[in-house]
Every structure is written in C-alpha cells, then in structure tokens.
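Biologist: I have the model open and would like a close look at one part of it. Could you walk me through that part and its surroundings?

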Amino acid sequence: MNVGIGLPIGDPATLLTWARSADAGPFSTLGLLDRLVYHNPEPLTALAVLAGATSRIRVQTEVLLAPLRETALLAKQAATLDRMTGGRLVLGLGVGGRDDDHQAAGTDIRTRGRRLDEQMTVMRRLWSGEPYGDGVGPIGPAPARPGGPEVLFGGFQPAALERVARSGDGFLAAAAPSWAGGLFDTVRTFWQEYGRDGEPRIVAQVNVALGPQEVIDDARAAMHAYYAFTGMADRMVAGLLTTPTGIRDAIAGFAGLGADEVMLYCHGLDPDQVDRLADLL
C-alpha cells in the first residue's frame with residue numbers, strides 16, 4: 001500500500017519544506033487541491049516548483065478542475081510537467097461544484113461534465129501526437145508516459161464513476177472506508193463493462209492532522225473554511241483523523257477494500273506533520 005501526502009493550502013511558501021521532507025521519507029505522492037475563487041496556489045504551477053525541488057516523489061492534482069481551463073493549453077501544461085518530471089505527474093481531474101469558480105472562469109457549471117468529456121477526447125488525442133484539428137498541427141511536447149500522464153477522476157455520481165472506465169486510468173475517492181467500498185465496486189463494474197484490461201487504479205483520500213492541539217485546531221479551522229460552501233463543513237471536520245490509531249485504521253481499511261494508495265490530506269500548516277506521519281507508517 002502506497003501512502004501519499006496531501007498538502008495544505010494556507011501558505012504556499014511553506015510547501016517546499018513539506019515536499020522535501022516527504023521526498024526524503026516513505027511517501028509516494030504529493031497531492032494538491034484546486035479552486036479558483038480561493039487563496040490556494042494554482043496546482044500545476046505549484047507542483048512544477050515542488051517537482052523541481054524533489055527527485056522521486058510523484059506530484060498529483062487532487063483534483064484539478066479541468067472545465068475551468070482551456071483544453072489545448074491544459075494538455076500542453078500537463079504534457080510539459082509530465083515530461084520534465086520523468087513521468088511523475090498524476091493528473092487527478094474533476095468538474096468543480098462551486099458556481100463562483102465557474103463564473104470567474106467564464107464557464108457554464110451546467111455543462112461541466114460534458115465539457116470534461118470533450119476535453120479528455122482532445123487531450124488524449126494531443127498526448128498521442130495527433131494534430132489538434134483541421135489545419136492545426138500537433139501540440140507538444142510529447143509526455144513522458146505514452147498516451148499522456150496517468151489520469152484519475154474524482155467524484156461520487158454515477159456519471160463520474162463511469163468516466164473512470166470510459167477515459168481514465170483510475171479513481172480518486174474522497175470517502176471514508178465505511179462507504180468507499182461501494183464506490184470502488186461501481187468503478188470496477190464499469191471498468192469491466194467497458195472491456196478495459198487489468199484493474200482501475202484506486203486512490204483513497206482521508207483528512208488528517210497529527211500533532212499538538214494547536215495543529216489540530218488549525219486543521220479544523222482550515223477545513224471548516226474550505227468546506228463552508230457545501231453546507232456540511234461540520235460533518236467534514238468531524239471526520240478529521242487526529243490520532244495514530246485512527247490514521248492506521250483508515251489505511252488498513254482502505255487496504256482491505258483493495259485501494260492501491262491512500263493520500264493523507266493535511267490541512268494544518270505545521271510541516272512537522274510529515275515526520276510524525278512517517279513515524280506511524
């Protein structure tokens with residue numbers, strides 16, 4: 001079971017410290033979430049900086065809101081980052097559920113799922129070296145991974161789970177072990193129905209904070225502010241894992257469900273959490 005670190009967004013200047021510590025430890029991946037109308041760093045830009053400061057750890061968008069972005073440019077950015085990191089990019093994608101993000105980007109929230117499907121068709125074609133379209137040639141560079149970086153889709157609705165089988169490589173699940181199993185099973189069923197070889201890669205995510213009370217309080221406040229728009233911020237904060245036993249149990253629970261990796265998403269800003277989490281693995 002691989003274990004990655006989800007990075008906090010409150011102070012982008014501290015993320016180099018987080019990344020270097022994680023790269024020196026047992027962790028497999030650095031993850032960074034995406035919003036437009038918020039104070040988070042832009043993930044592709046930030047992960048490019050972090051990739052340059054590390055040597056082996058993967059960098060993952062968790063999830064990048066693709067419909068907010070122009071498709072050809074996104075394909076070029078992702079291919080560039082994948083090529084320059086030697087294939088260390090994992091492109092986690094989602095549609096985005098906040099109306100203000102879509103207003104700021106000038107996109108229609110009502111058609112975001114259809115737009116993502118159209119984007120994937122274009123990006124897969126471009127990553128394979130084919131021309132953009134009539135009278136427009138290929139858009140490089142070629143990614144390090146043939147056919148483009150690994151693509152994971154996040155989401156909970158059937159359309160999002162089917163998208164994994166139709167045009168993705170795996171599933172990014174921000175759900176507790178108690179109900180993630182049903183999502184995993186649905187993704188695997190779609191995978192078989194589409195005649196895909198092998199198995200979808202399953203990456204789970206759990207929110208954690210490990211350290212003294214001020215670290216936990218910081219994480220809870222950050223989570224509450226971030227998820228306030230959902231109307232379920234209290235419920236989200238209640239699911240924050242704050243003990244070694246709780247975190248180990250969650251990792252074991254996801255392993256029992258057949259997950260390939262668990263991302264421990266940290267909302268508190270204390271970078272010493274990397275070492276604390278490394279010690280409990």
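Biologist: Which residues in α5 meet which residues in α6?

Modeller: Happy to help, and two notes on the basis come first. This is a predicted model, in which local features need pLDDT of at least 70 and side-chain atom pairs count only at pLDDT 80 or more, while totals for chains, interfaces and linings use all residues. Residues are numbered from 1 along each chain as its sequence is written, and side-chain values use heavy atoms, with hydrogens and water left out.

Now to your question. G113, L116, D117, M120 and R124 in α5 meet R163, R166 and S167 in α6; contact means heavy atoms within 4.5 Å. Helices (H or I, at least four residues) and strands (E, at least two) are DSSP runs, numbered from the N terminus. Two packed helices are described by the angle between their axes and the distance between the axes. For α5 and α6, the axes come within 12 Å and cross at roughly 15 degrees. Axes here are lines fitted to C-alpha atoms, for helices over the stretch in contact, and angles run from 0 to 180 degrees between N-to-C directions. The two helices α5 and α6 are therefore roughly parallel to each other; angles under 35 degrees count as roughly parallel, over 145 as roughly antiparallel, 65 to 115 as roughly perpendicular and the rest as oblique. The crossing of α5 past α6 is right-handed, a crossing being left-handed if the near helix is turned anticlockwise from the far one by less than a right angle, and right-handed if clockwise.

Let's stay with α5 itself. The helix covers residues 112–127, 16 residues, and reaches 22 Å from its first C-alpha to its last, close to the 22 Å expected at 1.5 Å a residue; that expected span is 1.5 Å times one less than the number of residues. Its buried residues are L116, Q119, M120, V122, M123, L126 and W127, where buried means under 20% relative accessible area, exposed over 50% and partly exposed in between, with a 1.4 Å probe and protein chains only. The cover over them includes α3 (71–84), β4 (89–94), β5 (150–154) and α6 (158–167). Just after α5, G129 takes a positive phi of about 90 degrees.

On its other contacts, α6 also meets α7 (residues 177–193): their axes come within 8 Å and cross at roughly 50 degrees. That makes α6 oblique to α7, and α6 passes α7 in a right-handed crossing. Here P158, L161, E162, V164 and A165 in α6 meet L183, T186, V187, F190 and W191 in α7.

Between α6 and β6 (170–173), the loop holds D169. D169 is buried, with a relative accessible area of 14%. Setting aside residues up to four places away in sequence, D169 touches R124, R145, P149, E150, V151, L152, V164, W191, R196, P200 and R201.

Lastly, the strands. β4 and β5 belong to a closed barrel of 8 strands that runs β1-β2-β3-β4-β5-β6-β7-β8 with parallel pairing. The twist averages 25 degrees from one strand to the next. Strand β3 (residues 58–65) pairs with β4 in the parallel sense over 5 bridges; two strands pair if DSSP finds at least two bridges between them. L65 has G94 in β4 as its bridge partner.
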